[in-house]
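Trainee: Could you give me a close look at how the secondary-structure elements are packed here, taking the helix pairs and the strands in one connected account?

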Amino acid sequence: IYPEILFFKMSGEKDDQEKKYFPIGVHLYEGLMFNNKHSHSVDFFIDEVKIKKDDVLFVLGPHQPHDCIKQTKESGYHYVDIYDITSKHNRYYYLKKHYRKISTFRFKSIRSILRQSWFSTSASSALRNFISWSIFFDKYNVKKFMNMMNPQEITREIMIRKYGAESIFVHNSVSVTYVDKGKNSQYAEMLYVSNMIFDKTVTDIETNKWLRGSQNSVKKYIDNGVLFADYAKNITCDQKTAIRTQLGVLPKQTLVSCFDNNVGPMCVFNYEEYYLLLDSIKKILDLYPHFYVVFKSKHSNESTLRKQFPFYIKDIFRELLQNERFCEVTNDQGIMNYELIGSTDLVVSGATSTMIYISLAGGIKTISYDPGNKYFQKFIITENFPNLCAHNFNELVDLIEYWLCKSTDDDFRAFINDYIRPNIDPYCDGRAIERLQEILLA
């Protein structure tokens, strides 16, 4: 009875809003933020030259937290709440134009539930999306929708395609294979990237390869490159100097930036492996007195010492903080991950992290570190690249020596051309965001 309840919640007044046109619509959900100084803001593609703020409509998805809604309202951009849009619709227009189609949709949903009982868990949200997006297209004409890393609502995408809009999935995290699927290679590895319906996916080579094997309906896969490597690639000398000065790095010191990955049970690193990572940093500081090491956690809303970690992790971290050549960067310092990478002489990143690829595509020498020797399988693409992966402390030292002492800049360029460009980013030119803009405007 949801369509009937909705009818009585609607306004009886005439809706005088003229249909508005926007070239670009962007789906918003929890995790995409405006004014994000930690990684990137959701409006990163708006430069007021190629794409202006009045060209874009941000669409708030269902079940958004209060702070996300508040931030969107204060952003100054055009926005609409997809579920709130129904309450402001004229009930008589709704009855005249939509109710018959909604009743048919509801009848077919009930028939599907009787045939396949599992569909009952999705039927109500599918009906709600059908109604909301039908009303949305009464009020708005949007040429293209961009969806960033968002677990897809299939009904929404079907409605978008029905009304003639193009749907583009942008995946900015370089996804690597975690499971050797063997004979089950046709099945999805992760649920949130399976059974998707898009006109285009815009991402890097490896992630598109991953998406192709995940039971999706995509018309075109576009190998655009590692999206946010642009920030590292295009950082200016003044920006580098400012960041290094803020961190306290002296002119003759070598800056090494360490990035971790998810930590905890069933995560990339368990607590013992995380301890080994921190212990390796401590040993590196002892071994190389001219190194200055910056540590950036994947979840940097608060200091490592304030997190729910075992005592032995906090103890070794306190020891590190006592070293004047070590510091931790948290979100409140306003240093973007990618700009930190661009200011660095060497990046040491936790295994399987996107930071590995952002750093390499951004032109920074990089080591993937797996202190627990857990990610060594050849189906993990980085394991097929030479001089990249270290699985214990001795291997880490060997790679530090190779990249900072033995190899030349020409060796690094050859590495990028031989391994990163054919497998990850075909360009490595710092223009991935510009190419995305062109796709959105085409």
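**Packing of helices and strands**

Mentor: H1 and H5 are oblique to each other, because their axes cross at roughly 40° and an angle between 35 and 65 degrees falls outside both the roughly parallel and the roughly perpendicular classes. Please keep in mind throughout that this is a predicted model. Helix H1 covers residues 2-9 and helix H5 residues 120-139, and their axes come within 11 Å. The crossing in which H1 passes H5 is right-handed, and the residues that meet there are Tyr-2, Pro-3 and Leu-6 from H1 with Leu-127, Arg-128 and Ile-131 from H5.

From these helices we can turn to the strands. E1, residues 20-28, is joined to E2 by five bridges and runs parallel to E2; one of the pairs places His-27 opposite Val-59 of E2. E1 is also joined to E4, by six bridges and again in the parallel sense, with Gly-25 finding its bridge partner in Phe-145 of E4.

How much of E2 is buried? Five of the five residues of this strand, residues 56-60, are buried, which means that E2 is largely enclosed by the rest of the structure. In a regular strand the side chains alternate between the two faces of the sheet, and for E2 both faces are covered, with Val-56, Phe-58 and Leu-60 buried on one side and Leu-57 and Val-59 buried on the other. Four bridges then connect E2 to E3, residues 78-81, with the two strands running parallel, and Leu-60 has Asp-81 of E3 as its bridge partner. Helix H2, residues 66-74, belongs to this part as well, for E2, H2 and E3 make up a right-handed β-α-β unit.

E4, residues 140-148, has seven of its nine residues buried, so this strand too is largely enclosed by the rest of the structure. Besides its bridges to E1, E4 pairs in the parallel sense with E5, residues 166-170, over five bridges, and in that pairing Lys-144 stands opposite Glu-166 of E5.

Further along the chain there is an open sheet of six strands with parallel pairing, in the order E10-E9-E8-E11-E12-E13. Its edge strands are E10, residues 326-329, and E13, residues 389-390, each of which pairs on one side only. H14 packs on this sheet and touches E8 (254-259), E9, E11 (346-350), E12 (366-369) and E13, while the direction of H14 makes about 175° with that of E12. At the E10 edge, the pairing with E9, residues 291-296, is parallel and extends over four bridges, with Lys-296 having Val-329 of E10 as its bridge partner.

H14, residues 393-406, also has a helical neighbour in H10, residues 271-287: the two axes come within 11 Å and cross at roughly 45°. At that angle H10 and H14 are therefore oblique to each other, and H10 passes H14 in a right-handed crossing. The contact involves Ser-280, Lys-283, Ile-284 and Leu-287 on the H10 side, and Phe-393, Leu-396, Val-397 and Ile-400 on the H14 side. Taking the two contacts of H14 together, this helix touches strands of the six-stranded sheet and meets H10 in an oblique arrangement.

Key. Residues are numbered from 1 along each chain as its sequence is written. This is a predicted model: local features need pLDDT of at least 70, side-chain atom pairs count only at pLDDT 80 or more; totals for chains, interfaces and linings use all residues. Side-chain values use heavy atoms; hydrogens and water are left out. Buried means under 20% relative accessible area, exposed over 50%, partly exposed in between (1.4 Å probe, protein chains only). Two strands pair if DSSP finds at least two bridges between them. A crossover is right-handed if, with the strands pointing away from the viewer, the path from the first strand over the helix to the second runs clockwise. Axes are lines fitted to C-alpha atoms, for helices over the stretch in contact, and angles run from 0 to 180 degrees between N-to-C directions. Angles under 35 degrees count as roughly parallel, over 145 as roughly antiparallel, 65 to 115 as roughly perpendicular and the rest as oblique. A crossing is left-handed if the near helix is turned anticlockwise from the far one by less than a right angle, and right-handed if clockwise. Contact means heavy atoms within 4.5 Å.
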